[in-house]
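Me: I would like a close look at a single part of this model, taken slowly and with the numbers kept in view. Please choose a helix, describe what packs against it, and follow its contacts outward into the rest of the chain.

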Amino acid sequence: MDWITGIQRALDYTELHLTEDIDYEVVAKQAYSSAFYFQRMFSMLCGFTISDYVRMRRLSLAADELYRTNTKVIDIALKYGYETPESFSRAFMRFHGISPTEARHGGNIKSFSRLSVKLILSGGNTMDYRIETKDAIKVICKKKQVSKPQGDTAVADISAFWNECIENGTMENLCKCAKFDNLNGILGICFSGEMADCQFPYGIGAEYNGGSIEDEGFDIIEIPAYTYAVFTCKGKMPNAFQKTYQQICTEFFPQSNYEYGNGVELEVYPSADTQNPDYTCEIWIAVNEKK
């Protein structure tokens with residue numbers, strides 16, 4: 001199934017269940033995707049998260065119902081997922097700029113229409129990438145749970161983690177146990193296949209050279225053999241990374257013969273000169289051929 005068809009199925013499912021508790025794992029399955037990749041792709045394509053979409057659609061429908069009916073505010077609040085009139089009023093005010101009572105008496109409200117997917121001609125850009133198959137890789141890394149990718153939250157958490165590892169000596173200890181003759185750099189490792197409800201593990205590491213380990217906080221992990229789509233990323237970090245990843249989501253995957261492999265993503269950084277406007281690194285994404 002292509003991505004356009006999949007995301008439309010997911011949107012249709014979401015619309016049918018707006019007044020229910022929505023399980024984003026189930027939503028992602030409509031697109032034959034993991035929750036991690038669906039939410040990341042959705043954010044890149046739409047500019048807001050799937051949870052933001054649900055919230056804005058619910059508040060839009062709730063305002064219309066307030067305006068058109070005599071249903072009690074508490075009943076409308078409960079229908080659209082709010083446990084109390086107070087929490088509903090706060091969310092309503094933030095979105096519409098007026099209270100539910102003002103909306104009921106004819107105040108101006110906002111309408112947030114449902115999304116539909118249309119095929120348009122866009123792009124015309126070039127991307128440097130290659131397809132590469134790697135045997136299992138043994139890495140040494142320090143892992144941390146970070147927020148799942150919604151907007152810039154994951155980027156902020158990951159950037160802070162890198163700074164922490166540089167400042168506290170973790171990076172120096174890591175390099176003593178690393179080898180660089182295969183992937184040629186320090187790795188940022190997104191363990192996307194291990195995503196929990198609101199977090200996923202992210203590692204800073206390198207290929208393991210088999211030497212003694214001084215830092216007890218390191219993990220030795222074997223990444224299974226995968227086929228990867230490898231993309232060149234050029235420019236200052238993290239802006240260049242975000243721009244390249246957006247292109248991957250909006251241009252490469254919708255049009256290629258590959259889909260996410262639900263395994264790992266590797267960021268390969270050849271040096272620490274990440275603020276150089278000519279900096280070059282690579283993004284490795286585990287992929288499968290589309291069936």
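Reply: A convenient way in is Leu115, which lies in the loop between helix H7 (100-104) and strand E1 (129-134), in what should be read throughout as a predicted model. Leu115 is partly exposed, since its relative accessible area is 23%. Leaving aside residues up to four places away in sequence, Leu115 touches Gln8, Leu11, Phe42, Cys46, Phe48 and Tyr53. A further pair shows how the chain folds back in this region: Leu115 and Glu15 are separated by 100 residues in sequence, yet their C-alpha atoms are 9.3 Å apart in space.

Glu15 leads on to the helix that I would choose for the close look, because Glu15 is also among the residues touched by Arg57, and Arg57 has its place in helix H4. With a relative accessible area of 9%, Arg57 is buried, the cut-off for that class being under 20%. Again not counting residues up to four places away in sequence, the contacts of Arg57 are Glu15, Leu18, Phe112, Ser113 and Arg114.

Helix H4 itself covers residues 50-68, and its axis comes within 10 Å of the axis of helix H6, residues 85-96, the two crossing at roughly 100 degrees. Two packed helices are described by the angle between their axes and the distance between the axes. An angle from 65 to 115 degrees counts as roughly perpendicular, and H4 and H6 are therefore roughly perpendicular to each other. On the H4 side, the residues that meet H6 are Arg55, Met56, Leu59, Ser60, Ala62, Ala63 and Leu66, while H6 contributes Phe88, Ala91, Phe92, Phe95 and His96. Sorted by character, the residues of this contact comprise nine that are nonpolar, two that are polar and one that is charged.

Arg55, which takes part in the meeting with H6, also forms a salt bridge with Asp52, in which the closest N and O atoms are 3.6 Å apart. Asp52 and Arg55 are separated by about one helical turn, because they stand three residues apart in helix H4. Both partners count as partly exposed, Asp52 at 27% relative accessibility and Arg55 at 34%.

Further along the helix, the side chains of Arg68 and Asp64 meet in a salt bridge with an N to O distance of 2.6 Å. Here the spacing is four residues in helix H4, so that Arg68 and Asp64 are likewise separated by about one helical turn. At 55% relative accessibility Arg68 counts as exposed, whereas Asp64, at 34%, counts as partly exposed. Side chains of opposite charge can pair when their charged atoms come close.

To set these pairs of H4 in context, the count for the model comes to nine salt bridges, taking a side-chain nitrogen of Lys or Arg within 4 Å of a carboxyl oxygen of Asp or Glu as the rule. Another of them joins Arg130 and Glu132, whose closest N and O atoms are 2.8 Å apart. Arg130 is partly exposed, with a relative accessible area of 32%, and Glu132 is partly exposed as well, at 22%. Arg130 and Glu132 also belong to a network of salt bridges that links them with Lys134 and Glu282.

Terms used
Residues numbered from 1 in each chain as written. Predicted model: local features only at pLDDT ≥ 70, side-chain atom pairs only at ≥ 80, totals over all residues. Heavy atoms only, no water. Buried < 20%, exposed > 50% of the residue type's maximum accessible area, 1.4 Å probe, protein only. Contact = heavy atoms within 4.5 Å. Axes fitted to C-alpha atoms, helices over the stretch in contact; angles between N-to-C directions. Parallel < 35°, antiparallel > 145°, perpendicular 65-115°, else oblique. Nonpolar A, V, L, I, M, F, W, Y, C, P; charged D, E, K, R; others polar.
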